[in-house]
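Trainee: I'm new to this one, so please slow down on a single part for me. Take me through its salt bridges and what surrounds them.

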Amino acid sequence: MTARTLFDTAVEAARAWHASLPDTRAFCPWPTDLHWADRAPHPLPAADLLPTQPGATQPAAAPLLAALQALAPHVEWRHTYPADEVGQDFLDAFGWFELAGPHGHFHSTQTRITLGYWGPGLYYPRHQHGPEELYTVVSGTGLFRSDGDADATLGPGGTRFHRAHQPHDMATEDQPIVTLVFWRGAGLDDKPRISPDED
Ligand code: ZN
């Protein structure tokens, strides 16, 4: 199977996942402007971790997880944050890629769809960004915290919405977490930034 075929399979699995969850359907329509962008792979440790340590999933998420795992060697993995902000241990077990979006494997200006992987025992520091985002958990478990909302421990099928510029963080314990994240609003290609410390 060619890499392009794997990407087509993954985007179709993501479309079905989007259609299966009321929160994602309410958050944004499935983009109608996707076109293949032919981006080169960029390996990071998550390329090996996603296929081998995805955490527990459920039947509804299994096709999407399998499709995303098959993509792992072929995607442009990114870190965004430098080691002096998040620590080298974090970077050794974290990675994300843009399946669709302004800089995605499929170009879209309507939305952005990213995959995020975090290994067990990581703390993703409090950060914020202009576009709104909706996390969906594909496998594993994480504790999501955001200013003004109750904490939530989420597993497969769970969703978490972050408003524009709402500071939020996330932590994993004994499980890793695989998330598919939908974005909307202005500044889709702006980088997140670490939030100022709370008083
Ligand atoms: Zn965020």
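Mentor: One yardstick before we start: a residue is buried when its relative accessible area is under 20%, exposed when it is over 50%, and partly exposed in between. Keep in mind, too, that this is a predicted model.

Searching the whole structure turns up 10 salt bridges. The general idea is simple: side chains of opposite charge can pair when their charged atoms come close.

Let's begin with R4 and D8, whose closest N and O atoms are 3.1 Å apart. Both sit in helix α1 (residues 3–20), and because they are four residues apart there, about one helical turn separates them. R4 has 35% relative accessibility, so it counts as partly exposed, and D8, at 31%, is partly exposed as well.

Now look at R126 and D147, where the closest N and O atoms are 2.4 Å apart. R126 belongs to strand β5, while D147 is in the loop between β7 (142–146) and β8, so this pair ties together parts that are 21 residues apart in sequence. With 15% relative accessibility, R126 counts as buried, whereas D147, at 30%, is partly exposed.

Strand β5 deserves a moment of its own. It is part of an open, antiparallel sheet of five strands, in the order β8-β7-β10-β5-β12. At the edges you'll find β8 (152–154) and β12 (193–194), each pairing on one side only. Three bridges join β5 to its antiparallel partner β10 (residues 168–171), and Y124 stands opposite M170 in β10.

Next come E132 and R184, which meet in a salt bridge of 2.6 Å, N to O. E132 lies in strand β6 and R184 in strand β11, so the pair ties together parts that are 52 residues apart in sequence. E132 is partly exposed at 22% relative accessible area, and R184 is too, at 27%.

Beyond these pairs, there's a network of salt bridges linking R39, E76, R78, E98 and R112. R112 leads us to the largest pocket: among the 25 lining residues, R112 is one of those nearest the centre, along with T80, W96, W183 and P192. That pocket has a volume of about 340 Å³, and its lining counts 11 nonpolar, seven polar and seven charged residues. Strands β5, β6 and β11, which we met above, are among those that each supply at least two lining residues, but β4 gives the most, with five.

Technical notes: Residues are numbered from 1 along each chain as its sequence is written. This is a predicted model: local features need pLDDT of at least 70, side-chain atom pairs count only at pLDDT 80 or more; totals for chains, interfaces and linings use all residues. Side-chain values use heavy atoms; hydrogens and water are left out. On a 1 Å grid over the protein atoms alone, a cavity is a set of points where a 1.4 Å probe fits but cannot get out, and a pocket is an open set with protein on both sides within 12 Å along at least five of seven lines; lining residues have an atom within 4 Å of a point. Grid points are joined across faces, edges and corners, and a volume is the space filled by probe spheres set on the points. Ala, Val, Leu, Ile, Met, Phe, Trp, Tyr, Cys and Pro count as nonpolar, Asp, Glu, Lys and Arg as charged, and the others, Gly among them, as polar. Two strands pair if DSSP finds at least two bridges between them. A salt bridge is a side-chain nitrogen of Lys or Arg within 4 Å of a carboxyl oxygen of Asp or Glu. Buried means under 20% relative accessible area, exposed over 50%, partly exposed in between (1.4 Å probe, protein chains only).
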